[in-house]
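Visitor: I should like to understand how the descriptive terms applied to a protein model are justified. Would you take me through the reasoning step by step?

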Amino acid sequence: MSNRKELKSLVRTAMGLFIGAVFSSTVAFAAPASDKAMTASVFTEKELQTAAWIRDAARTDNLSYKILESLTTEVGPRMAGSPGDARAVAWAEAKFKELGFDKVWKEPVSFPSWKRGNEKAEIVAPFPQALLITALGNSVATPAEGLTADLVEFASLKDLSAAPADKVRGKIVFINHKMQSANEYGLVVPGRSAGASEAARKGAVAIVIRSVGTDNHRFPHTGVMRYEDGVPQIPAAAMSNSDADMVARMIKRGKPVSLKLDIGAAATGSYTSYNVIGEITGSELPNEYVLIGGHLDSWDLGTGAIDDGAGCAISMAAAEFIKRNGMKPKRSIRVVLFANEEQGLFGGKAYLAAHQSQIAQIQAAAEADLGQGPVIKMSSFVRAEALPLVKQMHTVMAPLGIEPGDNNAFPGPDMGDLRVAGAASFGLSLKADDYFDLHHTPDDTFDKIEPSRINQAAATYAVFAWMAAQAPLHFGSGPELAKTMKK
């Protein structure tokens with residue numbers, strides 16, 4: 001397009017062409033004629049037209065795929081505290097400026113860092129075979145010569161907790177808890193996060209878990225774990241699901257199965273990274289803002305395309321689409337790329353600490369952190385007076401295949417504490433049927449991204465951000481909404 005004037009003209013023309021289609025699928029939520037306040041609290045027909053145009057135009061004309069290609073190619077793995085982390089921060093700051101955001105800045109986030117070293121495992125008896133394993137985040141190392149002991153198998157963390165100590169003492173615990181679907185993540189992940197301390201409490205010398213993932217590939221899934229204070233720290237690793245099946249078959253043969261484990265991981269001290277923030281300034285209420293984003297860090301095994309480069313690209317592209325097309329939302333649209341989500345939500349906690357006194361300025365918060373999409377449901381967490389607006393927002397989004405949810409939305413991991421503090425929140429639920437096949441593995445790479453999926457998600461976020469920013473009333477962020485959550 002040769003200049004901005006021509007672009008604006010094209011936008012207006014295209015909007016006019018879509019009017020008929022908009023009103024065949026978009027119904028304004030009519031207010032009672034007697035209630036003048038309510039009449040002012042719904043979107044106008046013109047705003048609905050604009051939102052529907054964004055929905056349709058952004059689905060094929062957003063930069064999410066290109067942004068993600070740039071991040072995964074030019075930066076790649078960006079584990080918190082690594083050189084890739086620093087490169088990612090520089091990339092994000094430059095990309096926001098390149099995309100034309102009005103304001104770009106960084107906010108420091110400090111955390112303990114950890115480095116992966118050598119990692120090797122092999123069954124030494126009764127059937128010698130090498131295994132594919134990866135250390136879990138925060139794991140300590142084995143002795144330099146490695147560690148060899150018999151395996152003891154448990155079906156879950158709960159079973160390990162119930163076992164007598166003499167069954168575990170001196171052995172390597174193997175938690176063989178298979179994750180059947182994405183819905184079971186919350187049931188399986190405690191074995192990863194808390195299994196090492198539970199095993200150590202009973203005298204185990206190490207722990208190896210079945211990977212927390214739904215795939216059957218020979219790729220182990222990493223992920224963070226935690227040591228309890230006052231409990232010995234033992235090495236912790238995950239083996240691929242294929243290897244977990246094989247080891248379980250060995251154990252069923254009734255002979256002791258001995259594993260040699262060699263892990264060189266180590267803590268590397270404190271590190272300071274940054275939340276990187278880009279903002280489009282609101283035209284009427286610039287100090288109120290819609291908050292969207294994802295986490296910039298990834299694990300080091302893949303290039304973090306699914307987790308969570310996609311979320312960063314979706315949110316950046318949504319805001320960029322609005323800016324590029326000359327739209328001027330009433331409220332600001334703020335995109336935050338959070339630091340170090342993977343090892344403990346450090347970026348989200350730092351953002352809350354820095355903005356604790358400004359919760360009421362958040363109009364709505366929604367984070368993309370479950371892959372590339374598409375978005376399949378929209379839920380809200382707003383004051384009751386705003387629910388008619390939420391219904392209108394869903395009506396505009398429905399042609400994208402998005403179902404309505406309830407008013408108890410969770411905005412995403414980095415924004416969860418903001419919701420607890422009273423931030424009005426939305427859950428734009430991403431389809432995650434293949435997400436846990438890939439996340440935290442070497443297979444989390446850009447070739448898995450499907451343009452139609454990520455484009456739909458970016459279009460959804462663009463509609464959400466625009467409509468939330470244009471809303472004729474505040475969605476209710478503040479102490480009163482926080483009290484609602486506690487009821």
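**From values to terms**

Guide: Lys260 is partly exposed, its relative accessible area being 30%. Please note at the outset that this is a predicted model.

Visitor: Why is Lys260 called partly exposed?

Guide: The term buried requires a relative accessible area under 20%, and exposed requires one over 50%. Lys260 has 30%, which lies in between, and therefore it is called partly exposed. The residue belongs to strand E9, which covers residues 258-263.

Visitor: What makes a residue count as touching Lys260?

Guide: Contact means heavy atoms within 4.5 Å. Leaving aside residues up to four places away in sequence, Lys260 touches Lys120, Ala121, Glu122, Val124, Glu145, Leu147 and Thr148. One of these, Glu145, is 115 residues away from Lys260 in sequence, while their C-alpha atoms are 9.9 Å apart in space.

Visitor: Why is Phe154 called buried?

Guide: The relative accessibility of Phe154 is 4%. The cut-off for buried is under 20%, so Phe154 meets it. This residue lies in strand E5, and among the residues it touches are Leu160, Val168, Val173 and Ile175.

Visitor: Which term applies to Tyr227, buried or exposed?

Guide: Tyr227 has a relative accessibility of 16%, which is under 20%, and so it counts as buried. Its place is the loop between strand E7 (206-210) and strand E8 (236-239). Its contacts include Asn138, Ala196, Gln233 and Pro235.

Visitor: Asn138 appears among those contacts. What makes its phi angle worth noting?

Guide: Phi of Asn138 is near 85°, a positive value, and the residue is not a glycine. Asn138 sits in the loop between strand E4 (133-135) and strand E5 (147-154). With a relative accessible area of 25%, it falls between the two cut-offs and is therefore partly exposed.

Visitor: Where is Leu345, and what is its phi?

Guide: Leu345 lies in the loop between strand E12 (331-338) and helix H11 (346-355). Its phi is about 60°, again positive in a residue that is not a glycine. At 28% relative accessibility, Leu345 is neither under 20% nor over 50%, so it counts as partly exposed.

**Helices in contact**

Visitor: Why are helices H4 and H15 called roughly perpendicular?

Guide: The axes of H4 (residues 64-74) and H15 (residues 451-470) cross at roughly 110°. Angles from 65 to 115 degrees count as roughly perpendicular, and therefore the term applies to H4 and H15. Their axes come within 9 Å.

Visitor: Which residues make this contact?

Guide: On the H4 side they are Ser64, Tyr65 and Leu68, and on the H15 side Pro451, Ile454, Asn455 and Ala458. By class, the contact has five nonpolar, two polar and no charged residues.

Visitor: How do you know that the length of H15 is close to the expected one?

Guide: H15 has 20 residues and spans 28 Å from its first C-alpha to its last. At 1.5 Å a residue, the expected value is 28 Å, and the span of H15 is close to it.

Visitor: What makes H15 largely enclosed by the rest of the structure?

Guide: Of the 20 residues of H15, 18 are buried, and so the helix is largely enclosed.

**The nonpolar cores**

Visitor: Which residues touch the most other members of the largest nonpolar core?

Guide: They are Val173, Phe426, Phe464 and Phe475, in a core of 106 residues. H15 supplies the largest share of this core, 13 residues. Another core, of 27 residues, lies apart from it and includes Trp114, Ala206, Val257 and Leu259.

Visitor: What does Val173 touch?

Guide: Apart from residues up to four places away in sequence, Val173 touches Val152, Phe154, Leu160, Val168, Ala199, Ala204, Ala206, Ile207 and Val208.

**Two cis peptide bonds**

Visitor: Where are cis peptide bonds found?

Guide: One joins Ala125 and Pro126, with omega about 5°; Pro126 lies in the loop between strand E2 (119-125) and strand E3 (129-131). Another joins Asp307 and Asp308, with omega about -5°, and Asp308 is found in helix H10 (residues 305-324).

Terms used:
Residues numbered from 1 in each chain as written. Predicted model: local features only at pLDDT ≥ 70, side-chain atom pairs only at ≥ 80, totals over all residues. Heavy atoms only, no water. Axes fitted to C-alpha atoms, helices over the stretch in contact; angles between N-to-C directions. Helix = DSSP H or I, 4+ residues; strand = E, 2+ residues; numbered from the N terminus. Parallel < 35°, antiparallel > 145°, perpendicular 65-115°, else oblique. Nonpolar A, V, L, I, M, F, W, Y, C, P; charged D, E, K, R; others polar. Expected span 1.5 Å × (residues − 1). Buried < 20%, exposed > 50% of the residue type's maximum accessible area, 1.4 Å probe, protein only. Core = buried A, V, L, I, M, F, W, Y, C linked by side-chain atoms within 4.5 Å.
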